[in-house]
Amino acid sequence: MILIGMYDSPFVRRVAIALTLYEMPFEHRPWSVFSNADQVAQFNPLMRVPTLVLDSGEVLIESAAILDSIDEMAGS
């Protein structure tokens, strides 16, 4: 998985913490929607972070939705 966004965002940090606690491997790309707009837009045309790119290529946005998906992937 690829987590896009800078850790100065509390929403990006929440997702990174959840991935780490669930021991889900991920690559972090510390892109800013200001200085890396073109790179972020390739994955998320809304240009919002966090953006999580799953191994399947599916792209998740909005931290609450991402956290729900991570919880489902982790199982019980």
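## Ser-63, a buried serine

Ser-63 counts as buried, because its relative accessibility is 10% and the cut-off for buried is under 20%. The model is a predicted one. Ser-63 sits in helix H3.

What does Ser-63 touch, leaving aside residues up to four places away in sequence? Its partners are Phe-11, Arg-14, Val-15 and Pro-50. Helix H1 covers residues 10-21. Pro-50 belongs to a loop, the one between helix H2 and strand S3.

## A cis bond at Pro-50

Pro-50 has another feature. The peptide bond that joins Val-49 and Pro-50 is cis. Its omega is about 5°. The loop that holds Pro-50 runs between helix H2 (37-43) and strand S3 (51-53).

## Two glutamates with positive phi

Glu-62 is not a glycine, yet its phi is positive, near 70°. Glu-62 lies in the loop between strand S4 (59-61) and helix H3 (63-74). Is Glu-62 buried, partly exposed or exposed? Its relative accessible area is 38%, so Glu-62 is partly exposed.

Glu-23 also has a positive phi, about 55°, without being a glycine. Its loop links helix H1 (10-21) and strand S2 (27-29). Glu-23 counts as exposed, because its relative accessibility is 71% and the cut-off for exposed is over 50%.

## The overall fold

How many helices and strands does the protein have? There are three helices and four strands. Along the sequence, their order is β-α-β-α-β-β-α. The pattern opens with a strand and ends with a helix.

The C-alpha trace spans about 40 × 25 × 20 Å along its principal axes. The radius of gyration is 11 Å. A compact globule of 76 residues would have a value near 11 Å, so the protein agrees with that expectation.

Contacts also link distant parts of the sequence. Take the contacts with a separation of 6 or more: 49% of them join residues 24 or more positions apart.

## The nonpolar cores

The largest nonpolar core has 14 residues. Which residues have the most contacts inside this core? They are Met-1, Leu-3, Val-15, Leu-19, Leu-52, Ile-66 and Ile-70. Helices H1 and H3 each supply at least two residues of this core. H1 gives the most, with five residues. Val-15 appears again here: it is a core residue and a contact of Ser-63.

Met-1 has a long list of contacts, not counting residues up to four places away in sequence. Among them are Leu-19 and Leu-52, which are also on the list of core residues with the most contacts. Met-1 also touches Met-24, Pro-25, Phe-26 and Glu-27. Further partners include Val-53, Leu-54, Asp-55 and Met-73.

A second core, separate from the one that holds Met-1, has five residues. Ile-2, Ile-4, Trp-31 and Val-40 are among them.

## Surface and charge

Buried residues make up 37% of the 76 residues. Ser-63 is one of the buried residues. The accessible surface comes to about 4,600 Å². Carbon and sulfur atoms account for 55% of that surface.

How many positive and negative side chains are there? The protein has 4 positive and 10 negative ones. The centres of the two sets lie 8 Å apart.

Terms used: Residues are numbered from 1 along each chain as its sequence is written. This is a predicted model: local features need pLDDT of at least 70, side-chain atom pairs count only at pLDDT 80 or more; totals for chains, interfaces and linings use all residues. Side-chain values use heavy atoms; hydrogens and water are left out. The radius of gyration is taken over C-alpha atoms; the globule rule is 2.2 Å times the number of residues to the power 0.38. Buried means under 20% relative accessible area, exposed over 50%, partly exposed in between (1.4 Å probe, protein chains only). Contact means heavy atoms within 4.5 Å. Accessible areas come from the Shrake-Rupley method with a 1.4 Å probe; for residues, only the protein chains shown count as cover. Lys and Arg count as positive and Asp and Glu as negative; His and the chain ends are not counted. The place of a charge is taken as NZ of Lys, CZ of Arg, CG of Asp or CD of Glu. A nonpolar core is a set of buried Ala, Val, Leu, Ile, Met, Phe, Trp, Tyr and Cys residues joined through side-chain atoms within 4.5 Å.
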